[in-house]
Amino acid sequence: MSQRTPLYDQHLADGAKIVDFSGWDMPLHYGSQMDEHHTVRRGAGVFDVSHMCVVDLRGGGARSLLSRLIANDPAKLRSPGRALYTCMLNAHGGVIDDLIVYYFADDWYRMVVNAGTRDKDVAWLRQHAEGCPVEVLERRDLAMLAVQGPQARELAAPRVGVDADAALALKPFTAAVDGDWMVARTGYTGEDGWELVLPAGEAVELWQALLAAGVRPCGLGARDTLRLEAGMNLYGQDMDETVSPLACGLAWTVAWAPAEREFIGRGALEAERAAGPSPRFVGLLLEDRGVLRAGYPVHAAEGQGIVTSGGFSPTLSRSIGLARLPAGASDRCEVEIRGRRLAARVVSPPFVRHGEPRVAL
Amino acid sequence: MSEVPSELKYTSDHEWLRVEDDGNVVVGVTDHAQAALGELVFVELPESGSEVAQGDACAVVESVKAASDVYAPVTGEILGVNEDLADTPEKVNQDPYGDGWLFRMRLVDPDVLGELLDAEAYQALLDELD
């Protein structure tokens, strides 16, 4: 039985094409995925991301639990409202999930985890919290909207349940809370904007107010092309429990210092590092006509790699992708598409940021 | 409700055929197919002059979502393809039965046309899908 967010009926009323995403009935688009994509690059769009899960860690043991469970260092969260992107690893260094942790108080950290991993994440957290002075609270009572684009904050500010001036004053990767409302200057599109957490019962009202203000409803289709242009990983595609952060472009999220912090997976990552260079994780720009798709083989002089995410970039009007190549692979490679080899160029993501192309075509 | 022109032949793979005066056929994907595929961003067409057998994957339409095969609806020779789709694949979405045609074929056996679906039968198939 598929799960639905508090906005499901609203999506139908807005003309959404609904698809299954990790067991959730979610909007793919509301007519044109392409137009929704461009709207977020140029104006403001809103996504229902209530299928993602807010998990609150409450209690004095929250920080020490996180310190053991995440590869980034929660000690970097020095002031209330700061956010941190991190991976949660298994003992083999594989990625259980990628997530954002927010710090609000020494006895209150909040994680936002992926829809497809929420059950195993919560189980993992509870298993490791056993005996610690911390409660793991899955906040099914909350909804989450992402309002993204250069005009997003300005249009949304008067409609959020946090003081508008305080919300507009938020710096990137920080958040403000007021009761069950949270406004965070984070996102998954490469544009400015907010991720909003609010009581599920208020989600429809906020959605309608945003649409009335000129914000366009956007589906998961546009969300995927936007995040790909922004060079952001998708869990389950670019990495999973068999891939370490060193092999999916997320080495920058691993906090090696302080050396005495024994997070789960650390030993495996150190062994991987000691064994030599990890696979190279890159952006690809297809030079020929065609569309890169996840799973296509990549041929480089140094061996074979694989496209982990691929698609058509509406901003560049070219196909782009993310790929895992052999360690030390050069910048020239060919992607095999239906038996033919097409030239691709290795580029450094993001492909697009704040509405502007960041790679030469 | 998708459009199903009455003068065309159809396949259960959501392709259409138009029989021209010279007996050759023009092939494309149906309105239902283009809507289900989503916005097209790339179309790969067969080589003119190539021989294809009924059921062969001979073209690919790629949308923002995924790549989908287009099958040869009949056995024969590819006479020509819609070159305009290289730069404007969205024509398949905008005008699936007109400017969005894919390729032209010469039939080996005109009798197979009788085995294809007519508009009424194809409409019935769509009704079952709903």
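# Exercises on a predicted two-chain model

Strand E15 (residues 297-300) of chain A has alternating side chains: A:Val298 and A:Ala300 point to one face and are buried, while A:Pro297 and A:His299 point to the other and are not. Buried denotes 20 or more other C-beta atoms within 10 Å of a residue's own, exposed 12 or fewer, and partly exposed in between, with C-beta atoms placed from the backbone. Strands (E, at least two residues) and helices (H or I, at least four) are DSSP runs numbered from the N terminus. The model is predicted: local features need pLDDT of at least 70 and side-chain atom pairs count only at pLDDT 80 or more, whereas totals for chains, interfaces and linings use all residues. Residues are numbered from 1 along each chain as its sequence is written, and chains are lettered from A and ligands numbered from 1 in the order in which they are written.

**Exercise 1.** Determine how E15(A) pairs with E16(A) and E18(A).

*Solution.*
1. Pairing requires that DSSP finds at least two bridges between two strands.
2. E15(A) and strand E16 (residues 303-313) of chain A are antiparallel, with four bridges; A:Pro297 stands opposite A:Ile306.
3. The connection between E15(A) and E16(A) is a hairpin through two residues.
4. Strand E18 (residues 332-337) of chain A is also antiparallel to E15(A), through two bridges, and A:Glu334 is the bridge partner of A:His299.

**Exercise 2.** Establish which residues of helix H4 (residues 118-129) of chain A are buried and which are exposed.

*Solution.*
1. H4(A) has 12 residues and reaches 16 Å from its first C-alpha to its last, close to the expected 16 Å; the expected span is 1.5 Å times one less than the number of residues.
2. A:Arg118, A:Asp121 and A:Leu125 are buried in H4(A). They lie on the same side of H4(A) because they cover an arc of only 65° around the axis, taken from the directions from the helix axis to the C-beta atoms.
3. A:Ala123 and A:Gln127 are exposed on the other side of H4(A).
4. The cover over the buried residues includes strands E4 (53-58), E6 (95-105), E7 (108-113) and E8 (135-138) of chain A.
5. Just after H4(A), A:Gly131 has a positive phi of about 85°.

**Exercise 3.** Describe the side of chain B that touches chain A.

*Solution.*
1. Nine residues of chain B are in contact with 12 residues of chain A, where contact denotes C-beta atoms, placed from the backbone, within 7 Å.
2. Strand E4 (40-44) and strand E6 (57-63) of chain B each supply at least two residues of this side of chain B.

Definitions and conventions. Contact = placed C-beta atoms within 7 Å. Nonpolar A, V, L, I, M, F, W, Y, C, P; charged D, E, K, R; others polar.
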